[in-house]
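Here is a short set of exercises to work through at your own pace. Try each task with the model open, then compare your steps with the solution.

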Amino acid sequence: MGKDTIANLITSIRNANMDKKVTVRIVSTNITENIVKILLREGFIESFRKHQESHKYFLVSTLRHRRISKGIFSKGIYRTIFKRISRPGLRIYSNHPQIPKILGGMGIVILSTSRGIMTDQEARLERIGGEILCYIW
């Protein structure tokens with residue numbers, strides 16, 4: 001594991017989602033806990049709980065695998081796509097009018113603002129910008 005806890009969170013969820021696992025264990029920090037709360041609120045995960053092992057805290061998240069109708073061209077499972085935008089070597093900031101809309105508003109952008117970690121819709125309503133952490137659709 002590297003020092004970028006947000007990238008570790010996204011990679012863990014992405015890998016568990018691709019492997020069709022039910023749960024994923026993530027190192028708990030304030031940032032990862034707030035991002036997981038947003039994912040829970042937006043319906044990308046079903047639940048999470050805080051677990052302690054030998055003086056370290058972990059978040060154990062239950063993933064939500066969404067089924068789509070099985071037709072000729074469908075794969076059977078809709079996968080959630082996570083994309084890390086701002087990283088430690090290159091920070092990406094945006095003010096509230098320039099916050100991107102993912103898939104015309106179908107996806108979400110998670111931002112780190114002066115008022116905490118929030119989605120793009122919340123940031124637009126409060127008219128504040130911040131660092132763009134990741135895209136989810």
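Five exercises follow, each with a worked solution.

This is a predicted model, in which local features need pLDDT of at least 70 and side-chain atom pairs count only at pLDDT 80 or more, while totals for chains, interfaces and linings use all residues. Residues are numbered from 1 along each chain as its sequence is written, and side-chain values use heavy atoms, with hydrogens and water left out.

**Exercise 1. The overall layout**

Task: Find how many helices and strands the protein has, and list the order of its elements.

Solution: Start with the assignment: helices (H or I, at least four residues) and strands (E, at least two) are DSSP runs, numbered from the N terminus. This gives 3 helices and 10 strands. Next, read along the chain from the N terminus: α-β-α-β-β-β-β-β-β-β-β-α-β. Finally, check burial, where buried means under 20% relative accessible area, exposed over 50% and partly exposed in between (1.4 Å probe, protein chains only). Of the 137 residues, 39% count as buried.

**Exercise 2. The open sheet**

Task: Work out the strand order of the open sheet of 3 strands, and say which helices lie across it.

Solution: Two strands pair if DSSP finds at least two bridges between them. The order is S1-S3-S2, with antiparallel pairing. The edge strands are S1 (23-27) and S2 (45-53), each pairing on one side only. From one strand to the next, the twist averages 25°. S2 and S3 (residues 56-63) are joined over 8 bridges, and Phe48 stands opposite Ser61 in S3.

Now add the helices, with axes taken as lines fitted to C-alpha atoms (for helices over the stretch in contact) and angles running from 0 to 180 degrees between N-to-C directions. H1 (residues 5-18) lies across S1 and S3, at about 170° to S1. H2 (residues 30-42) lies across S1, S2 and S3, at about 155° to S2.

**Exercise 3. The nonpolar cores**

Task: Identify the largest nonpolar core and the elements that supply it.

Solution: A nonpolar core is a set of buried Ala, Val, Leu, Ile, Met, Phe, Trp, Tyr and Cys residues joined through side-chain atoms within 4.5 Å. The largest has 22 residues, and those with the most contacts inside it are Ile13, Ile35, Leu39, Ile110 and Ile136. H1, S1, H2, S3, S8 (108-113) and S10 (130-136) each supply at least two residues, and H1 gives the most, with 5. A second, separate core of 10 residues includes Ile99, Ile102, Met118 and Ile132.

**Exercise 4. The S8-S9 hairpin**

Task: Describe how S8 and S9 are connected and paired.

Solution: First look at the link: S8 and S9 form a hairpin with 2 residues between them. Then count the bridges: 4 join S8 to S9 (residues 116-119), and the strands run antiparallel. Within this pair, Leu111 stands opposite Met118 in S9.

**Exercise 5. Two acidic residues**

Task: Decide whether Asp120 and Glu131 are buried or exposed, and find their contacts.

Solution: Take Asp120, in helix H3 (residues 120-126). Asp120 counts as buried because its relative accessibility is 3%. Contact means heavy atoms within 4.5 Å. Beyond four places in sequence, Asp120 touches Ile99, Pro100, Gly107, Ile108, Val109 and Leu111.

Turn to Glu131, found in strand S10. With a relative accessible area of 11%, Glu131 is also buried. Its contacts more than four places away in sequence include Ser86, Arg91, Tyr93 and Ile110. Glu131 and Ser86 are 45 residues apart in sequence, yet 7.0 Å apart in space, C-alpha to C-alpha.
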